[in-house]
Number of protein chains: 4
Amino acid sequence: MIRVGIVGYGTIGRRVADAVGLQKDMKLVGVTKNSLDYGVQIAKQRGHKLFCMDKERFGSTESEGTVKDLIEAVDIVVDCAPKGKGRENKDTYYVPAKVPAIYQGSEKSDIGVSFNAHSNFNQAQNQRHVRVVSCNTTGLARLLHLVNDGLGIRRVKVALIRRAADPKEYKKGPIDAIVPDPIGLSHHAPDLKTVLDVPINTTAYKVPTTLMHVHDVFIETINAIDHEELLELMDAEPRILLADPRLGFKSTAQIMDFGRDIRIRGDIFENVIFKGFTTTSREIYLTQAIHQESIVVPDNIDAIRAVFGGDRDESILKTNKTLGIGKLIMS
Amino acid sequence: MIRVGIVGYGTIGRRVADAVGLQKDMKLVGVTKNSLDYGVQIAKQRGHKLFCMDKERFGSTESEGTVKDLIEAVDIVVDCAPKGKGRENKDTYYVPAKVPAIYQGSEKSDIGVSFNAHSNFNQAQNQRHVRVVSCNTTGLARLLHLVNDGLGIRRVKVALIRRAADPKEYKKGPIDAIVPDPIGLSHHAPDLKTVLDVPINTTAYKVPTTLMHVHDVFIETINAIDHEELLELMDAEPRILLADPRLGFKSTAQIMDFGRDIRIRGDIFENVIFKGFTTTSREIYLTQAIHQESIVVPDNIDAIRAVFGGDRDESILKTNKTLGIGKLIMS
Amino acid sequence: MIRVGIVGYGTIGRRVADAVGLQKDMKLVGVTKNSLDYGVQIAKQRGHKLFCMDKERFGSTESEGTVKDLIEAVDIVVDCAPKGKGRENKDTYYVPAKVPAIYQGSEKSDIGVSFNAHSNFNQAQNQRHVRVVSCNTTGLARLLHLVNDGLGIRRVKVALIRRAADPKEYKKGPIDAIVPDPIGLSHHAPDLKTVLDVPINTTAYKVPTTLMHVHDVFIETINAIDHEELLELMDAEPRILLADPRLGFKSTAQIMDFGRDIRIRGDIFENVIFKGFTTTSREIYLTQAIHQESIVVPDNIDAIRAVFGGDRDESILKTNKTLGIGKLIMS
Amino acid sequence: MIRVGIVGYGTIGRRVADAVGLQKDMKLVGVTKNSLDYGVQIAKQRGHKLFCMDKERFGSTESEGTVKDLIEAVDIVVDCAPKGKGRENKDTYYVPAKVPAIYQGSEKSDIGVSFNAHSNFNQAQNQRHVRVVSCNTTGLARLLHLVNDGLGIRRVKVALIRRAADPKEYKKGPIDAIVPDPIGLSHHAPDLKTVLDVPINTTAYKVPTTLMHVHDVFIETINAIDHEELLELMDAEPRILLADPRLGFKSTAQIMDFGRDIRIRGDIFENVIFKGFTTTSREIYLTQAIHQESIVVPDNIDAIRAVFGGDRDESILKTNKTLGIGKLIMS
């Protein structure tokens with residue numbers, strides 16, 4: 001039984017906490033909160049024990065102790081703190097306490113071994129500091145690992161059309177603009193290369209939407225493509241879903257609407273590829289949608305097992321089963 | 001045991017179907033679908049029996065029969081078809097089959113007795129054709145019934161700032177504009193008067209958001225207001241929630257984010273009033289947010305009971321308990 | 001000939017600079033820029049002399065001197081610096097240099113005499129520090145001054161539905177939310193009272209649009225209303241435009257589209273009232289749209305003349321004529 | 001003197017009308033309107049003669065005659081009617097009247113010779129029915145013609161991130177979604193090939209913005225790239241602008257804001273390429289923004305001259321000079 005603590009109970013932390021709670025080989029000890037907002041009600045409603053980052057700020061009555069108390073009681077921490085805070089927490093708390101930790105993709109890659117369950121599980125085995133790559137990189141790693149294994153990749157170009165804010169944010173824009181972010185090639189390609197070695201270049205744009213990122217993917221393959229075989233390959237991978245526009249999946253709006261009916265928080269842990277994409281003899285032109293709030297959740301669970309020497313395929317199978325991955329039907 | 005059929009398995013139909021399934025005194029016989037979109041997967045995943053509106057369009061293999069087969073097997077229909085279709089269905093199916101029916105607020109008010117659980121339950125008792133008023137009218141009826149009972153209402157002016165499209169819609173705008181809809185006084189005041197007799201005028205605007213309607217409410221009361229007593233009055237009504245901005249409830253975004261963590265589909269069946277509103281001796285200036293997709297669900301359930309002569313308070317209590325209304329804490 | 005300097009060449013500054021240039025009794029000496037962005041190109045294209053706020057930051061080659069050099073060469077400054085900077089500039093530059101100044105409505109009201117051309121021109125005559133009230137307050141002052149003069153005002157309630165960001169901004173949101181800002185009564189009513197004494201309460205919301213603010217206005221009048229006479233009253237005021245939805249003016253989108261065809265930058269200096277509003281015997285329910293970027297431009301020009309003892313009606317006439325106010329036809 | 005009539009006085013028609021009015025070798029005879037909306041005021045304000053498409057609908061007093069009267073008085077028509085109407089107008093009016101016509105890119109390509117001033121002017125010389133390709137295709141043709149001439153193109157992949165509605169539209173969405181439109185390869189590549197023969201594939205997405213289309217362009221060249229030389233090549237082409245983000249051009253928002261200060265309607269007739277794009281030895285990764293309302297205006301003017309046997313370079317020079325193309329400085 002792996003005892004797990006979650007540091008940071010925000011968008012990712014809430015989801016990983018629930019996912020840990022569903023694993024038979026793990027036990028959720030508690031979660032930390034930084035301030036007394038509505039996340040406290042959510043944690044309470046789920047019966048999570050609350051620990052505070054800063055006693056003064058948090059107030060006295062609500063918490064079971066501080067982040068240090070939580071760390072002492074766990075075998076591993078999943079750090080879901082905001083960008084840059086993971087590094088601070090590593091130095092301040094985890095290294096001194098000699099506790100291993102999982103970090104999120106918003107931390108710099110030198111914080112530990114970068115990780116994606118499908119593409120490099122084994123590199124994280126028995127490591128103490130592991131970084132689950134970001135939502136966009138996770139989505140790219142899953143897809144490109146599959147295509148690389150199946151067809152060989154000669155070259156990839158992806159344009160990432162990014163949601164500019166999460167659904168809960170109300171101060172971030174733009175309201176009516178498209179923002180190249182950055183101008184020129186983006187960091188997503190080099191970030192992907194920390195977990196998967198394929199020749200890729202990426203560009204990225206922010207647009208005024210909150211629901212999902214969209215990847216415009218162009219792949220040149222080494223081997224010839226059989227479209228039906230490629231669909232079967234995708235269909236066989238539970239963390240990839242094919243969405244059929246004839247069933248109403250015309251945009252990110254319907255995907256998230258479907259998610260709301262099927263899973264709590266409307267989470268779509270899977271890459272969603274729009275069916276009807278184009279292939280030529282050695283080229284793939286496809287579009288995938290990535291639910292930025294939840295896609296990394298299964299990989300966080302797998303990363304925990306990797307740290308304790310778990311087996312890749314066995315972990316993925318367990319995670320998929322407990323999170324209901326492989327059951328959704330979108331085509 | 002009231003046997004219920006749902007005609008129209010869209011935004012409202014899906015939710016009412018689930019709510020019916022939670023009632024001990026009701027049994028969901030089945031739902032109708034008009035086309036083979038992803039709603040079919042949702043219905044199957046929930047184990048609902050599917051009936052089709054149009055056999056040819058629907059195909060042969062999926063359905064248990066047609067809408068006529070469904071109607072024969074039920075004691076009452078809840079019609080959740082798109083605007084105007086309820087009237088057609090009444091004439092084509094329900095009246096000939098002598099089955100009572102509940103309609104939605106997008107139908108014209110002469111389709112039956114207009115209904116809101118709190119303000120005029122008894123007028124619908126033992127009626128055969130009952131129309132649950134729209135999301136905006138339901139939100140107004142709940143609030144103003146409460147204030148009218150508690151303080152007496154001399155006059156109300158509401159500006160409705162409406163979400164222009166539901167989350168699943170992708171063709172409706174505006175993208176960057178504010179639309180007076182209509183110019184001059186809106187239909188919401190006369191619609192409210194079909195269920196609650198208070199002096200009110202309303203104006204309405206469409207704005208580029210999908211999450212919730214927002215009501216800017218100005219009430220002049222007959223009796224003097226005690227702010228704390230008013231808060232207690234609101235707190236005592238389970239279908240009204242007070243949201244405290246100090247907990248992070250700063251806009252409709254955080255309300256719906258909270259909803260996603262707590263209820264399937266993120267539904268908020270309750271009026272959400274932002275705490276910190278202003279009162280003077282006989283004036284209230286408050287803002288409430290209305291989740292257009294789900295607020296009418298409890299009233300649909302109550303309307304079913306009203307048709308079969310049920311008791312108002314008993315019905316509201318049952319509905320609240322089964323739907324978890326009265327348990328959320330937002331302040 | 002009044003020699004005018006503009007401090008701050010942003011959204012307002014650019015417009016006031018052009019407007020000053022059109023006045024026969026004024027001369028634009030120059031404008032200050034804080035950084036070397038595209039505003040510099042705009043200023044050059046118009047032949048404005050450039051002065052810099054900070055020589056180091058600005059670089060050496062572009063400017064004719066510093067802000068101090070500009071101030072020495074003018075009779076009055078129009079300060080269009082960002083919120084709070086006007087106060088700093090007053091203390092640092094204008095008071096020591098004994099130069100009178102006009103400020104914008106984002107500055108606190110104690111910076112000088114608050115000003116609206118129609119409602120309190122005379123209070124600013126021969127004052128040295130005058131604050132033109134904000135876009136929203138200017139729009140309210142014009143309308144309510146007119147109605148108060150014509151019909152007497154017993155009470156006003158306005159819900160302001162505000163554009164959340166200007167067209168040129170790309171970081172501000174929300175993207176998909178409605179934000180009560182603030183919860184409870186807003187500052188617009190007290191701000192209006194600095195220039196016009198009417199009984200008013202205001203509430204305000206931010207919504208995801210960039211084009212115009214919209215005011216939902218409810219007025220209770222003292223005298224009985226004749227709808228046609230009220231329309232004529234409005235029609236007779238050049239700074240108020242009636243827009244007829246039958247000509248396509250259905251939302252803020254078409255108003256600004258029309259503006260783009262008619263005036264440089266698409267500026268609409270006038271209040272735009274949607275025709276077809278509702279009146280009862282002593283109540284007005286109307287909607288006006290306010291172009292936040294330009295509505296205060298004529299009042300800035302009038303404020304300059306007020307400081308030098310000019311006559312109200314004569315100034316308004318001159319300003320209207322030079323800016324083309326009174327010529328647009330929207331109904 | 002070429003006598004020109006404009007059929008359809010909407011987004012494109014208004015702009016082409018003004019542009020025709022600026023040419024010394026052309027005379028604007030009049031424009032047609034289909035309904036009595038605010039476009040009538042705009043036409044009047046500019047002194048354009050108005051003709052009506054449908055006398056009954058239009059009313060009697062406003063027009064100088066019907067579309068047939070206009071056609072009789074001109075040497076050429078520029079048809080700016082909505083999608084599909086150009087074909088109708090060709091069959092109903094232009095062919096019977098034996099008048100040559102220019103059409104817009106929303107018409108099918110078999111309506112006449114497709115045209116882009118830079119890439120295939122000569123193919124349209126002395127033709128009677130010429131189709132100026134759409135805004136997106138025009139933007140691609142200009143850029144790729146230049147790169148093809150300078151470096152040779154081995155392959156192009158473009159992801160078009162499209163504004164979903166024009167600024168004046170208020171009914172079109174999405175509000176909060178990204179829409180692959182279509183799924184798989186888009187029609188833009190085949191459309192481009194009607195005017196320029198380069199190996200290209202395109203994909204396209206609609207996003208919730210109104211300002212500009214954005215092209216994510218990946219070009220593989222035949223010859224080696226010198227980045228500075230490429231910049232100079234672009235700089236030398238007046239219909240291409242380089243926008244420097246260090247001057248504040250960070251998104252489509254600032255480009256259009258700049259446009260509003262410089263040209264009536266804020267028109268940006270030029271392709272705007274964000275400076276700071278990436279090149280490798282034989283690859284270009286760049287982003288260009290396309291003002292969908294105005295980019296085809298110069299090409300419409302050039303198309304008129306092509307029909308009458310004009311010379312390509314001479315026409316482009318005249319058009320550029322009269323429209324102020326080549327004068328904007330964005331870097």
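In this predicted model, 13 residues of chain B are in contact with 13 residues of chain D, where contact stands for heavy atoms within 4.5 Å. Before going on, I should say that residues are numbered from 1 along each chain as its sequence is written, and that chains are lettered from A and ligands numbered from 1 in the order in which they are written. Local features here need pLDDT of at least 70, side-chain atom pairs count only at pLDDT 80 or more, totals for chains, interfaces and linings use all residues, and side-chain values use heavy atoms, with hydrogens and water left out.

Between them, chain B and chain D bury about 1,000 Å², 68% of it on carbon and sulfur atoms; buried area is the accessible area, taken with a 1.4 Å probe, that two parts lose on being put together, summed over both. On the chain B side, the residues losing the most area to chain D are Y170(B), I175(B) and T210(B), which together make up 52% of what that side buries.

What is the count of salt bridges between chain B and chain D? It is zero, a salt bridge being a side-chain nitrogen of Lys or Arg within 4 Å of a carboxyl oxygen of Asp or Glu.

Turning to symmetry, a rotation of 180 degrees with 0.0 Å of shift along its axis superposes chain B on chain D, with an RMSD of 0.0 Å, the fit being by least squares on the C-alpha atoms of residues with pLDDT of at least 70 in both. That is the relation of a two-fold axis. Of the residues of chain B, G173(B) comes closest to the rotation axis, its C-alpha lying at 2.0 Å. Finally, 100% of the interface residues of chain B are also interface residues in chain D, so the copies meet through the same surface.
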